[in-house]
Amino acid sequence: MATQSVIAGFSGLRMMELSQRHLGEENIAVYGGYANRLLKLQNELLQTLDRRRRGNSQSIVVKHVHIHPGAQGVVGIVNRHEDQERGGDQN
């Protein structure tokens with residue numbers, strides 16, 4: 001499946017190149033349409049491959065946080081540096 005995805009991507013890029021070679025409206029319409037279809041196919045193949053590797057599972061984490069008036073909160077993922085986790089440098 002990965003090989004098919006790579007082939008579809010390179011074929012799509014080749015069709016884009018052919019559509020721009022002569023810059024005729026009919027070339028752009030025909031080869032551009034093929035390129036569009038091939039690049040969409042590549043995207044679908046990559047999504048299918050990713051789904052197969054994950055095993056069709058999703059993980060959703062829901063946490064409830066109460067922020068009272070006057071308090072501050074952060075929405076999102078917060079990553080700490082390694083130095084902060086170990087206590088940092090005391091210099």
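**Notes on a three-helix chain**

1. Let's start with a pair in helix α2: R54 and D50 sit four residues apart there, so about one helical turn separates them. Keep in mind as you read that this is a predicted model. The two side chains form a salt bridge, with the closest N and O atoms 3.3 Å apart. Neither partner is buried: R54 is partly exposed, at a relative accessible area of 41%, and D50 is partly exposed too, at 39%.

2. Why can a spacing like that work for a pair? An α-helix has 3.6 residues a turn, so residues three or four places apart point the same way. Side chains of opposite charge can then pair when their charged atoms come close.

3. Now the overall layout, for anyone opening this structure fresh. The chain has three helices and zero strands, and reading from the N terminus the order is α-α-α. It has 91 residues, and 12% of them are buried. The accessible surface adds up to about 8500 Å², with 51% of that belonging to carbon and sulfur atoms.

4. A word on contacts along the chain. If you take contacts between residues at least 6 apart in sequence, 53% of them join residues at least 24 apart. One pair gives a feel for such a separation: S11 and L39 are 28 residues apart in sequence, while their C-alpha atoms are 8.4 Å apart in space.

5. Helix α1 is worth a careful look. Does its length fit an ordinary count or clash with it? The 20 residues of α1, at 1.5 Å a residue, should span 28 Å, and the end C-alpha atoms are 29 Å apart, so the two agree. Just past the end of α1, L23 takes a positive phi of about 55 degrees.

6. Which residues of α1 are buried? They are S5, A8, G9, G12, L18 and S19. Part of what covers them is helix α2, residues 25–54. S5 makes a handy example: S5 lies in α1, and with a relative accessible area of 4% it falls under the 20% cut-off, so it counts as buried. Leaving aside residues up to four places away in sequence, S5 touches Q42, L45 and L46.

7. Compare that with another serine on the helix. S11 also belongs to α1, but at 28% relative accessibility S11 counts as partly exposed. The side chain of S11 has a backbone partner as well: a polar atom of that side chain lies 2.8 Å from the backbone oxygen of I7.

8. Back to charges. How many salt bridges turn up in the whole structure? A full search finds three. Besides the R54–D50 bridge in α2, there is one between E17 and R14, at 3.3 Å from N to O. E17 and R14 are three residues apart in helix α1, which puts about one helical turn between them.

9. E17 has a further partner. R21 and E17 also meet in a salt bridge, at 3.2 Å from N to O, and these two are four residues apart in α1, again about one turn of the helix. Put together, R14, E17 and R21 are linked in a network of salt bridges.

10. Is that network buried or exposed? Somewhere in between, residue by residue: R14 is partly exposed, at 37%, E17 counts as partly exposed at 40% relative accessibility, and R21 counts as partly exposed at 47%.

11. Last, the nonpolar side of things on the surface. Which residues make the nonpolar patch? V6, F10, L13 and M16 do, and the patch covers about 400 Å². L13 is in helix α1, which runs over residues 2–21. At 49% relative accessibility, L13 counts as partly exposed, because the exposed label needs over 50%.

12. If you'd like a quick tour on screen, try helix α1 from residue 2 to residue 21. Look for the buried residues, including A8, G9 and G12, then for the linked trio R14, E17 and R21, and then for the nonpolar patch with F10 and M16 among its members.

How values were computed
Residues are numbered from 1 along each chain as its sequence is written. This is a predicted model: local features need pLDDT of at least 70, side-chain atom pairs count only at pLDDT 80 or more; totals for chains, interfaces and linings use all residues. Side-chain values use heavy atoms; hydrogens and water are left out. Patches are made of residues with over 30% relative accessible area and no salt bridge: like charges are joined within 9 Å, nonpolar side chains (Val, Leu, Ile, Met, Phe, Trp, Tyr) within 5 Å. Accessible areas come from the Shrake-Rupley method with a 1.4 Å probe; for residues, only the protein chains shown count as cover. A salt bridge is a side-chain nitrogen of Lys or Arg within 4 Å of a carboxyl oxygen of Asp or Glu. Buried means under 20% relative accessible area, exposed over 50%, partly exposed in between (1.4 Å probe, protein chains only). The expected span of a helix is 1.5 Å times one less than its number of residues. Contact means heavy atoms within 4.5 Å. A polar contact is a pair of N or O atoms within 3.5 Å; within protein, one must be able to donate a hydrogen and the other to accept it, and residues adjacent in sequence count only if both atoms are side-chain atoms.
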